[in-house]
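Biologist: Could you take a close look at one part of this model with me, and then show me how the rest is arranged around it?

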Amino acid sequence: MTGRFFQIDRRSWCKACDVGLNAAVAYLVLATGTGGDNRTTSWSVNSVRNYPDIGLGRSNAAIDQLKSQGLIKQKKAGSRPSYQLVIDDKKTADWIWLPNTLVTGAVSEVPPIERIRRRGDVRALRLFVELYHEHSLADDGGLHWKLIRRNYECQKVGEAGHGVFWDFSDAGVTISWRPPFDQFLTGRRTKDGGDQGGDAAWAALNAIVECGLVECVPHLIEADTEEAEIIHPCPENTGTDIEQKLGMVVRKFTMELAGSATLRMIGDGDDIIAVNNQYPNVQMVGIYRLRYRPHTKATAAWFAQSSKWQEFIEGYEAMIHPAEAGQPVRMNA
């Protein structure tokens, strides 16, 4: 293990999952131990035994299965064997970047792949790893909301100055049949017109959620389209510390602005937030984010956005004081 992340070819990963759960787990373990070429590994059966809790006999069998299916080949035998991951065409490999902690865990915790392995569901493990292929922190805050999202019904309930008050109410989670969820499609319809693979897809997703491997972070977005950008996150008890602080400040500003305007707002009041009227099609979506992140340049770029969220915080804080004094407020956020 030479770094804090590794990569695997998506096509090879799917083939490993087709072999079986233990083979898929063993493949991830061996891949974690690869060097700079992302192919050669000195990790072997002992690593398969030490990180996931798989017995010696089954660990050996899993490695033998990977060899027989042409997914790995043994470069050196003996007490310190080495293997090479076989990739059909490295130039066209469809890479998935993964953090080592998926296999090794952090500190003394149960490693993520072991948590899923204990459930005995290879499809949940496959989905979990493939979600990293779609994960984009810097651009989408996690998984794009058109793939998976927590929905919020949106109702305009008032205005004050440049601020529009929107009431957001939780409306449940939806997924779309695009990769990697399309692997669950069966082509057979249910009575209500859905695909019969829906139950399996939800079961796999729920397993990942119950293992504590994803979180859902509410965000304000410009509009519910593929082209729209994130305005900013607005969580209360998920996400990073600075995201939570931003969520707290925007809600405080909303309360102060509503009070200064002496508005009598309608709506359920689940979560009322004031948004600049430059965003007439604003929407709130819960963006799903994988908790374990590879320490890559893309992840670093996302962390750098903290300065942007700090600017939003300062902007809202600057607007709170005029609102408290009953003065006109010109929104800049």
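Modeller: Let's start with the second largest pocket, which holds about 170 Å³ of space (a pocket is an open set of 1 Å grid points over the protein atoms alone, with protein on both sides within 12 Å along at least five of seven lines; lining residues have an atom within 4 Å of a point; points join across faces, edges and corners, and the volume is that filled by probe spheres set on them). Of the 14 residues lining the second largest pocket, Y152, P218, E236, R251 and D271 come closest to its centre. Strand 8 and strand 10 are the elements that contribute two or more residues to this lining (strands are DSSP runs of E with at least two residues, helices runs of H or I with at least four, numbered from the N terminus). By class, the lining of the second largest pocket has 7 nonpolar, 2 polar and 5 charged residues (Ala, Val, Leu, Ile, Met, Phe, Trp, Tyr, Cys and Pro are nonpolar; Asp, Glu, Lys and Arg charged; the others, Gly among them, polar).

Bear in mind that this is a predicted model, where local features need pLDDT of at least 70 and side-chain atom pairs pLDDT 80 or more, while totals for chains, interfaces and linings use all residues. Numbering runs from 1 along each chain as its sequence is written, and side-chain values use heavy atoms, without hydrogens or water.

Strand 8 and strand 10 belong to an open, antiparallel sheet of 6 strands, ordered 11-10-13-8-9-12 (strands pair when DSSP finds at least two bridges between them). Strand 11 (230-233) and strand 12 (272-276) are at the edges with a single partner strand each, so each has one side without a neighbour in the sheet. On average, and ignoring direction, neighbouring strands of this sheet are turned by 40 degrees against each other (axes are lines fitted to C-alpha atoms, for helices over the stretch in contact; angles between N-to-C directions run from 0 to 180 degrees). Strand 8, residues 148-160, runs antiparallel to strand 13, residues 283-290, and 2 bridges join them. R150 has G286 of strand 13 as its bridge partner. Helix 9 (residues 198-210) lies across strand 8, strand 9 (163-175) and strand 10 (214-221), and makes about 115 degrees with strand 9.

What does the largest pocket look like beside this one? About 260 Å³ of space lies in it. It is lined by 15 residues, of which H135, S136, P294, T296 and A298 are the closest to its centre. At least two lining residues come from each of strand 5 (95-99), helix 7, strand 6 (135-136), helix 8 (137-140) and helix 11 (297-303). The lining of the largest pocket divides into 8 nonpolar, 5 polar and 2 charged residues.

Helix 7 has another role in the packing. Helix 7 (residues 122-134) packs with helix 1 (residues 10-19) at about 175 degrees, their axes 10 Å apart. That makes the two helices roughly antiparallel (over 145 degrees). Helix 1 brings R10, W13, C14, C17 and D18 to the contact, and helix 7 brings V122, L125, R126, V129, E130, H133 and E134 (contact means heavy atoms within 4.5 Å). The residues of this contact comprise 6 nonpolar, 1 polar and 5 charged.

Helix 11 leads on to an enclosed space. There is 1 cavity of 30 Å³ or more (here a 1.4 Å probe fits but cannot get out), and the largest cavity has a volume of about 40 Å³. Lining the largest cavity are T240, I242, E243, W302, F303, Q305, S306 and W309. Helix 10 (241-260), helix 11 and helix 12 (306-324) each give at least two of its lining residues. By class, these are 4 nonpolar, 3 polar and 1 charged.

Finally, there is an open antiparallel sheet of 3 strands, in the order 2-4-3. Strand 2 (40-41) and strand 3 are its edge strands, each pairing on one side only. Strand 3 (residues 72-76) and strand 4 (residues 82-85) run antiparallel, joined by 4 bridges. K73 stands opposite Q84 of strand 4, and K76 opposite S82. These two strands form a hairpin with 5 residues between them, and G78 in the turn has a positive phi of about 95 degrees. Helix 2 (residues 21-32) lies across strand 2, strand 3 and strand 4, at about 105 degrees to strand 4. Helix 4 (residues 56-68) packs on this sheet too, touching strand 3 and strand 4, and its direction makes about 105 degrees with that of strand 3.

Key
Angles under 35 degrees count as roughly parallel, over 145 as roughly antiparallel, 65 to 115 as roughly perpendicular and the rest as oblique.
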